[in-house]
Amino acid sequence: MMRHGGKILSDQLVRLGVRRVFSVPGESFLAALDGMHDSGIQNVVCRHEGGAAMMAEAYGKMTGQPGVCFVTRGPGACNASAGVHVAMQDSTPMVLFVGQIDNRQTDRETFQEVDYRAMFGGLAKWVAQIDHTDRLPEYIARAWRVALSGRPGPVVLALPENMLSAAADVADFSGQILHDDAGHPDSASNFITELRNAERPLIVVGGPHWNAAAAVDLMAFAEVMQTPVVTAFRRQDYADNRHPHFAGDLNVGINPRLAARVKEADCLLLLGTRLGDTATQGYTLLDPANPDKTILHVYADPDELGRVYGPTLSWVCRADIAIKNLLAVAEPVSDRKKLVTSARADYEAWITPQESPGAVKQEQVISWLSDNLPEDAILASGAGNYAAWLHRYFVHKRYGTQLAPTSGSMGYGFPAAVSASLEHPDRDVICLAGDGCFQMTLNEMSTARQHGAKPIVIVMNNGRYGTIRMHQEKTYPGRVSGTECASPDYAALARAYGGHGETVTDGAQFADAFARAKASGTVAVIECVLDADVLSTGQSLSELAASQR
């Protein structure tokens, strides 16, 4: 049966189980839009390609299946690259379809012509251009395999407009997308032996391939082995933070006692994490040349094992499968209770609120959210000093409650929250953002209204790019340059988009403001006006300035 390329493409997406795509329309892929017209796939039409790509990336994080994004050529693809970068650094499966010029006009610098292999070559796992309509099923199936295999990540497929509009008689693809991976029990036994022999071990969990069952298995395993558990940067929901074996997370503003514990550990069991520069504080907690400790590394991609650290033992396996196998052969350890108790005490001391300046205190807001939100509430955030309060004081109770970019991308939180609200309309979805972070993607409020998403955005407004100002004050004291940030009236702006808006100038107002925002049943923004002296969880701006004199 003859079908045009857009119809062939949409049929493949349906066959792959795609329920939702994110897009900004362009004339370069009109045939694909036509193909999706009666496909049953929801097309979430966004306001900016960066927002669309971040929504797709968040979908990939939440579901474990590739998030799908469609953008047009040239400027559209350039805008979407921010989301591709997040997907690559966060190991998230994603497929970006880019409309492309007529391939018969290549190399003439045709209107909006870009060589996407060159442009995305260092940002994605695989980049290709489909020049023949009858090869669409082959390329799409391969894109899914690459996005999901080993270390997951983004794939970019360029779609020349003449290829999409042309017709072909070609069968849909068949066969498995991925092979089964059952793990290897012998590896689990070898890991257990090393872990039992250690005196000061730590379990570090992160990366892709995690789920609610694995989170339960992890803490059960920690109990049997009497070993503290820590999570990698922005993977705090991989473990129940209330569990007595949970000892914190390896984030940018790390607990100094936890940093010392990583250095002093004689054995690290790394489950799914690459243990990159953030988790190791720029590789200072663990010397790549001489780690001076036993490293037991589980990762799904053999190319990542030994990439930075030479492991004592390595195991090519998905982390969720590995922890199930480890738990099955675990042998009780009873002589490390003091280690677990001490690590937990350090964590509990760290999350005891430290007062910040002003009438609105972020530590109080985050503690209130932690104490009052449902256990399955989803917290989305981008990047900025405001996020340090979230990481330090919010206690995650369940898997699937944190959406945040390990790549440190500003602007991510709100598109991610929109995506989460669409995927989980029955759950509370909260976006925590700084004033600089939110202004990068707040135009997606229109997308939220159009498609019925209802996240609640909490904007921490300190009138500056706080992270950069902090570094600036440390490096060039008293010389403020390029870090101030003007803001609109966020509550009024939310109302202008048809949403709900609130402004909080005193912390005592927050609980009632949040109740009204939730009751509104639509996208809502609560602006928290912060004191100008607020800087980080451990130091005010004036304190930092005084220390530099």
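## Helix 12 and the sheet beside it

In helix 12, the buried residues (under 20% relative accessible area with a 1.4 Å probe, protein chains only) are Leu-339, Val-340, Ala-343, Arg-344, Asp-346, Tyr-347 and Trp-350. Looking down the axis of helix 12, you'd find these buried residues within an arc of 155°, so they line one face of the helix. That arc is taken from the directions running from the helix axis to the C-beta atoms. The face turned away from the buried side carries Lys-337, Lys-338, Thr-341 and Ala-349, which are exposed (over 50%; anything in between is partly exposed).

A quick word on the model: it is predicted, so local features need pLDDT of at least 70 and side-chain atom pairs count only at pLDDT 80 or more, while totals for chains, interfaces and linings use all residues. Residues are numbered from 1 along each chain as its sequence is written, and side-chain values use heavy atoms, with hydrogens and water left out.

Helix 12 covers residues 337–350, which makes 14 residues, and spans 20 Å from first C-alpha to last, close to the 20 Å expected at 1.5 Å a residue. (The expected span is 1.5 Å times one less than the number of residues.) Helices (H or I, at least four residues) and strands (E, at least two) are DSSP runs, numbered from the N terminus.

What do the buried residues of helix 12 pack against? Their partners are strand 9 (201–205), strand 11 (246–250), helix 10 (256–264) and helix 14 (386–393), with contact meaning heavy atoms within 4.5 Å.

Now for the sheet. Six strands make an open sheet in the order 11-10-9-12-13-14, with parallel pairing. Strand 11 and strand 14 (313–316) are the edges, each pairing on one side only. From one strand to the next, the twist averages 15°. Two strands count as paired if DSSP finds at least two bridges between them; strand 9 and strand 10 (residues 229–232) have three, in the parallel sense.

Two helices lie across this sheet's strands. Angles run from 0 to 180 degrees between N-to-C directions, using axes fitted to C-alpha atoms, for helices over the stretch in contact.

| Helix | Lies across | Angle |
|---|---|---|
| Helix 9 (residues 212–225) | strands 9, 10, 11 and 12 (267–271) | about 180° to strand 9 |
| Helix 12 | strands 9 and 11 | about 55° to strand 11 |

Finally, meet Val-298, which sits in strand 13 (residues 294–299). Val-298 counts as buried because its relative accessibility is 0%. Among the residues Val-298 touches are Phe-191, Leu-270 and Trp-315.

Technical notes
Lists of a residue's contacts leave out its neighbours within four places in sequence.
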